[in-house]
Amino acid sequence: MRAKLTMRNVEVGVLAGVFAGILFGLLMEFLPAPGAGAGRISMALYAAQALHAQSRLVGWFAYLVYGGVIGGLFGYLLQGRRLDEASAIVWGGIYGLGWWILAGLVLVPALRGAVPFSPSAVGVMRPVALTLLAGHMLYGLLLGAAFPLV
């Protein structure tokens, strides 16, 4: 029974995470990130460049995969817990904030060639930190809102 419950929560988390990831991607499409020189690019292209690609479609794909994977982890962490909609939204917001910290200190700097937790990692994140905070908070709140409904 426990394995079935865990798998169902993971599946629900993946679905809610992909939903939230789509809206996260829409937000990131329209928010600017530093480009070459003094130019600005969309965060979707910024994500693609972190994966050594030049297509915004790669950035979109990354957002959907990221959303699904961390949504599944959200479901796994919530196994056996009954959450009403309000508490799920609060936990989703906290979860989004946690992923913003993890992405900002480890994931994005590593993908962009900086050593995690280093001064160079701070330099990589400084121009996009607030944009990613907004995106991760939106993602977490939407994940939490969708989770009890799926």
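Me: How do I put a word to the angle between two helices?

Reply: Angles under 35 degrees count as roughly parallel, over 145 as roughly antiparallel, 65 to 115 as roughly perpendicular, and the rest as oblique. The angles run from 0 to 180 degrees between N-to-C directions, and the axes are lines fitted to C-alpha atoms, for helices over the stretch in contact. Helices themselves are DSSP runs (H or I, at least four residues), numbered from the N terminus. One note before we look: this is a predicted model, where local features need pLDDT of at least 70 and side-chain atom pairs count only at pLDDT 80 or more, while totals for chains, interfaces and linings use all residues. Residues are numbered from 1 along each chain as its sequence is written, and side-chain values use heavy atoms, leaving out hydrogens and water.

Me: Thanks! At what angle do helix α2 and helix α3 pack?

Reply: Helix α2 (residues 43–50) and helix α3 (residues 56–77) pack at about 85 degrees, and their axes are 7 Å apart. The two are therefore roughly perpendicular to each other.

Me: Which residues make the contact?

Reply: Contact means heavy atoms within 4.5 Å. From α2 come M43, A44, L45, A47 and A48, and from α3 come R56, V58, G59, W60 and Y63.

Me: Now, how is a pair of aromatic rings described?

Reply: By the distance of the centres and the angle of the planes. Rings of Phe, Tyr and Trp (its six-membered ring) pair if their centres lie within 6.5 Å; planes under 30 degrees apart are stacked, over 60 edge-to-face, and the rest tilted. By this rule the count here is 6 aromatic pairs. Take F74 and Y95: their ring centres are 5.0 Å apart and their planes at 55 degrees, so this pair is tilted. F74 lies in helix α3 and Y95 in helix α4 (residues 85–111), so the pair ties together parts 21 residues apart in sequence.

Me: What kind of pair do F74 and F147 form?

Reply: An edge-to-face one, with 5.4 Å centre to centre and 85 degrees between the planes. F147 is in the segment after α6 (129–146), 73 residues from F74. Ring pairs also link Y66, F74, Y95, W99 and F147 into a cluster.

Me: Is H136 buried or exposed?

Reply: Buried means under 20% relative accessible area, exposed over 50%, and partly exposed in between (1.4 Å probe, protein chains only). H136 has 3%, so H136 is buried. This residue lies in helix α6. Not counting residues up to four places away in sequence, H136 touches F24, Y66, G96, W99, W100 and A103.
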